[in-house]
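The following paragraphs are intended to be read beside the sequence and the coordinates. They proceed from single residues to helix contacts, and from there to the interior and the whole chain.

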Amino acid sequence: MNKILFGRYIPGHSFIHQMDPRAKLILSLVYIVAVFLANSWAAYLASFVLAMVIIAASAIGPRFFWDGVKPLIGVILLTMIIQVFFGVGGHVYWHWGILSITSNGLLNAMYIAIRFILIILVSTVLTLTTSPLEISGAIEAIFMPLKKVHFPVYEMALMLSIALRFVPTLIDETEKILNAQRSRGADFSSGSILVRLKKLVAILIPLFESAFSRAEELATAMESRGYQGGEGRSKYRVLNYTKNDIIGTVTMLLAAVVIIALRR
């Protein structure tokens with residue numbers, strides 16, 4: 001089973017680790033927008049160079065980023081295949097019914113694959129260098145102006161922090177259940193798709209039971225401690241911008257301008 005890195009945090013003291021989570025979240029969104037706007041090889045080359053600089057600044061080994069991309073290879077290939085056979089425009093190399101292979105379809109398929117990989121890499125940097133608690137705190141701070149229109153900012157931040165916190169726990173629980181079932185002779189890799197789906201019931205039932213049990217225990221613990229929402233609560237970790245955030249913001253904005261300027 002491929003290990004999913006979403007929600008996992010690797011402590012460190014790198015340049016990226018020391019940035020404010022609000023800055024990292026906003027700059028990650030800026031990078032994603034710039035990558036989606038890119039539509040030339042020069043723009044994608046600049047995006048790739050920027051991604052490598054970000055990875056180097058995180059001081060995290062390349063194995064973790066490969067582990068982040070590997071579970072999504074199937075999704076990337078499927079998206080490329082759809083684009084190849086249903087893309088239109090340009091020179092037609094092959095045509096049969098509603099299916100066709102064109103120069104524009106091949107080019108767009110490669111563009112889509114590059115976009116997926118770059119976005120996954122930078123998103124992996126964000127999750128590996130920022131704890132789930134910091135991410136939820138950053139989202140709460142960013143959406144705080146919406147509190148004036150009675151948007152449930154505190155409740156949203158709480159739900160997000162709990163969800164991010166338990167993603168790795170549920171993944172580890174799934175691996176334990178899979179290993180337990182395999183030790184009893186279960187085979188999840190053979191048979192038709194329908195047969196495999198039926199076999200998943202042996203995983204889903206104990207997984208849901210464990211998730212509901214953890215949720216009930218968490219709710220009981222919060223009630224016993226008198227949790228009444230985020231209104232008026234103080235912060236143990238106060239978010240502050242530093243020179244790293246200024247350097248990172250200026251670098252990302254300049255790089256985004258260059259990527260957009262390199263559009264065809």
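**A guided reading of the predicted model**

A59 is found in the loop between α2 and α3. The model under discussion is a predicted one, and the backbone at A59 merits attention: the residue is not a glycine, yet its phi is positive, at about 55°. Is A59 buried or exposed? With a relative accessibility of 63%, A59 counts as exposed, because the threshold for that class is over 50%.

A second residue with a positive phi is H150, which belongs to the loop between α6 and α7. Its phi is near 65°, again in a residue other than glycine. H150 has a relative accessible area of 75% and is therefore exposed.

Two further residues illustrate the opposite condition. D20 is placed in the segment before α1. Its relative accessibility is 3%, so D20 counts as buried. Which residues surround it, once neighbours within four places in sequence are set aside? D20 is in contact with L239, N240, Y241 and D245.

V69, in turn, is part of helix α3. Its relative accessible area of 10% means that V69 is buried. Neighbours within four places in sequence excluded, V69 is in contact with I120 and L121. V69 may also be compared in position with F116: 47 residues separate the two in sequence, while their C-alpha atoms are 9.0 Å apart in space.

The loop that holds H150 joins α6 to α7, and these two helices also pack against each other. Helix α6 covers residues 132-142 and helix α7 covers residues 153-183; the angle between them is about 160°, and their axes are 9 Å apart. Why are α6 and α7 described as roughly antiparallel? Angles over 145 degrees fall in that class, and α6 and α7 are therefore roughly antiparallel to each other. The crossing of α6 past α7 is right-handed. On the α6 side, the contact is formed by P132, I135, S136, I139 and E140. On the α7 side, V153, Y154, M156, A157, L160, S161, L164 and R165 take part. Sorted by class, the residues of this contact comprise nine nonpolar, two polar and two charged.

Helix α6 has a further packing partner in α1, at an angle of about 80° and with the axes 8 Å apart. An angle between 65 and 115 degrees counts as roughly perpendicular, and α1 and α6 are therefore roughly perpendicular to each other. P21, R22, L25 and I26 of α1 meet E134, A138, I139, A141 and I142 of α6. This contact contains seven nonpolar residues, no polar residues and two charged ones. I139 thus appears in the contact of α6 with α7 and in that of α1 with α6.

The discussion now turns to the interior. The largest nonpolar core has 32 residues, and Y31 and L50 touch the most other members. Which helices each supply at least two residues of this core? They are α1 (21-37), α2 (41-58), α3 (62-69), α5 (103-129) and α10 (243-261). Of these, α5 gives the most, with ten residues. The surroundings of L50 can be followed in detail: residues up to four places away in sequence not counted, L50 touches Y31, M252, A255 and I259. Apart from this core lies another, of six residues, including L126, A138, I139 and L164. Of these, I139 and L164 also belong to the contact of α6 with α7.

It remains to place these details within the whole. The secondary structure of the protein chain amounts to ten helices and two strands. In sequence order, the elements follow the pattern α-α-α-α-β-β-α-α-α-α-α-α. Along the principal axes, the C-alpha atoms fill a box of roughly 70 × 55 × 40 Å. The protein chain has 264 residues, of which 34% count as buried; D20 and V69 are buried residues described above. Finally, among the contacts in the chain with a separation of 6 or more, 73% are accounted for by residues 24 or more positions apart.

Key: Residues numbered from 1 in each chain as written. Predicted model: local features only at pLDDT ≥ 70, side-chain atom pairs only at ≥ 80, totals over all residues. Heavy atoms only, no water. Axes fitted to C-alpha atoms, helices over the stretch in contact; angles between N-to-C directions. Helix = DSSP H or I, 4+ residues; strand = E, 2+ residues; numbered from the N terminus. Parallel < 35°, antiparallel > 145°, perpendicular 65-115°, else oblique. Left-handed = near helix turned anticlockwise from the far one by under 90°. Contact = heavy atoms within 4.5 Å. Nonpolar A, V, L, I, M, F, W, Y, C, P; charged D, E, K, R; others polar. Core = buried A, V, L, I, M, F, W, Y, C linked by side-chain atoms within 4.5 Å. Buried < 20%, exposed > 50% of the residue type's maximum accessible area, 1.4 Å probe, protein only.
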